[in-house]
Amino acid sequence: MTNIKIDQSVLTKEECFSLLNTAKQSEELLRMGYVLCLTMLTTGMRNSEIVQLTYTQIDLEQNIIYLNRGHDTNKEKVRITNDLVEVLHQYLNNPIFLDWISKGNEQVFFMNGKPFNKVTLNTFIKRLAKEDGIEKIVTARCLRNAFGYMLIQSGLSLLIVQKLMRLKTIKSLEGYLQVNNY
């Protein structure tokens with residue numbers, strides 16, 4: 001097994017759990033922040049994939065999110081955990097979300113009556129991290145990085161992590177995660 005030195009600025013597993021807990025408690029009605037963070041931390045979806053995600057791309061019966069677009073990807077779908085399926089099912093059937101889509105909207109994540117874009121997504125995540133007391137600057141990319149780092153820390157090979165992050169090459173993974181072999 002390759003020894004990996006991991007960038008210390010990445011979110012730890014404990015920080016990820018704490019962020020999820022804060023997100024879950026910050027919105028009692030819709031819990032969008034919780035669903036958003038859980039989705040990113042368990043799928044490794046990119047910022048652009050999250051802001052473009054529509055409810056029609058989510059197949060809760062097959063535990064799959066179908067990706068329409070992606071940067072540097074070699075797969076068009078992401079498997080989702082049973083826990084995420086349950087959370088997404090509750091979210092997509094929430095009266096607030098149903099009202100959102102009844103107005104012709106398709107995006108899964110929104111704020112102030114508008115779908116997220118990359119800026120509002122990062123602003124939202126930074127606010128959650130600050131509310132949680134995390135002193136690091138946390139962005140949507142940090143959640144994707146945390147997904148990759150946790151996979152590496154669990155003992156998976158770089159090749160498997162590369163495939164789960166939907167990257168074309170190991171070199172892309174090493175650059176993306178700033179992994180340093182020692």
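Glu15 and Lys136 form a salt bridge in this predicted model, and their closest N and O atoms are 2.8 Å apart. Glu15 belongs to helix α1 (residues 13–26), whereas Lys136 sits in the loop between α6 (118–132) and α7 (140–153), so the contact ties together parts that are 121 residues apart in sequence. Lys136 has a relative accessibility of 25% and therefore counts as partly exposed, since the class of buried residues ends at 20%.

The salt bridge between Glu15 and Lys136 is one of five in the structure. Another one joins Glu131 to Arg127, with 3.3 Å between the closest N and O atoms. Here the two partners lie in one helix: Glu131 and Arg127 are four residues apart in α6, which means that about one helical turn separates them. Both side chains of this pair belong to partly exposed residues. Glu131 has a relative accessibility of 45%, and Arg127 has a relative accessible area of 39%.

A further salt bridge is found between the side chains of Glu49 and Arg46, at 3.2 Å from N to O. What is the burial state of Glu49 and Arg46? Glu49 and Arg46 are both buried. The two residues also take part in a network of salt bridges, in which Arg46, Glu49 and Arg166 are linked.

Charge also meets an aromatic ring in this model. The charged end of Lys24 sits over the ring of Tyr34, and its distance from the ring centre is 5.0 Å.

The aromatic residues can be followed next. How many aromatic pairs does the structure hold? There are six. Tyr55 and Phe97 make up one of them, with ring centres 6.4 Å apart and an angle of 85° between the planes, an edge-to-face arrangement. Tyr55 is located in the loop between α3 (47–52) and β2 (58–59), and Phe97 in helix α5 (residues 95–102), so this pair connects parts that are 42 residues apart in sequence. The burial of the two partners can be read from their accessible areas. Tyr55 is partly exposed, at 30% relative accessibility, while Phe97 is buried, with a relative accessible area of 1%.

Trp100 and Phe110 are also an aromatic pair. Their ring centres are 4.0 Å apart and their planes are at 10°, so the pair is stacked; the cut-off for stacking is under 30 degrees. Trp100 is in helix α5 and Phe110 in strand β5 (residues 110–111), so the contact ties together parts that are 10 residues apart in sequence. Trp100 is buried, at a relative accessible area of 5%. Phe110 counts as buried as well, at 10% relative accessibility. Tyr55, Phe97, Trp100 and Phe110 are among the members of one aromatic cluster, which also includes Tyr91 and Phe109.

The loop that holds Tyr55 leads to β2, a strand that belongs to an open sheet. How are the strands of this sheet ordered? Three strands lie in the order β2-β3-β4, and their pairing is antiparallel. The edges are formed by β2 and β4 (77–79), each of which pairs on one side only. In general, the strands of a sheet pair through backbone hydrogen bonds, either parallel or antiparallel. Between β2 and strand β3 (residues 64–66) there are two bridges, and the strands run antiparallel. Asp59 has Ile64 of β3 as its bridge partner.

The last part of the walk concerns the stretch that holds helices α8 and α9. Ile160 is in helix α8 (residues 158–164). Leu156, Ile160 and Leu164 make a nonpolar surface patch of about 220 Å². Why can Ile160 contribute to such a patch? Patch residues must have over 30% relative accessible area and no salt bridge, and Ile160 is partly exposed, with a relative accessible area of 40%.

Ser172 is part of helix α9 (residues 170–177). With a relative accessible area of 23%, Ser172 is partly exposed. Its C-alpha atom is separated by 8.1 Å from that of Gln162, and the two residues are 10 residues apart along the chain.

Terms used: Residues are numbered from 1 along each chain as its sequence is written. This is a predicted model: local features need pLDDT of at least 70, side-chain atom pairs count only at pLDDT 80 or more; totals for chains, interfaces and linings use all residues. Side-chain values use heavy atoms; hydrogens and water are left out. Patches are made of residues with over 30% relative accessible area and no salt bridge: like charges are joined within 9 Å, nonpolar side chains (Val, Leu, Ile, Met, Phe, Trp, Tyr) within 5 Å. Accessible areas come from the Shrake-Rupley method with a 1.4 Å probe; for residues, only the protein chains shown count as cover. A salt bridge is a side-chain nitrogen of Lys or Arg within 4 Å of a carboxyl oxygen of Asp or Glu. Buried means under 20% relative accessible area, exposed over 50%, partly exposed in between (1.4 Å probe, protein chains only). Rings of Phe, Tyr and Trp (its six-membered ring) pair if their centres lie within 6.5 Å; planes under 30 degrees apart count as stacked, over 60 as edge-to-face and the rest as tilted. A charge sits over a ring if NZ of Lys or CZ of Arg is within 6 Å of the ring centre and within 35 degrees of the ring normal. Two strands pair if DSSP finds at least two bridges between them.
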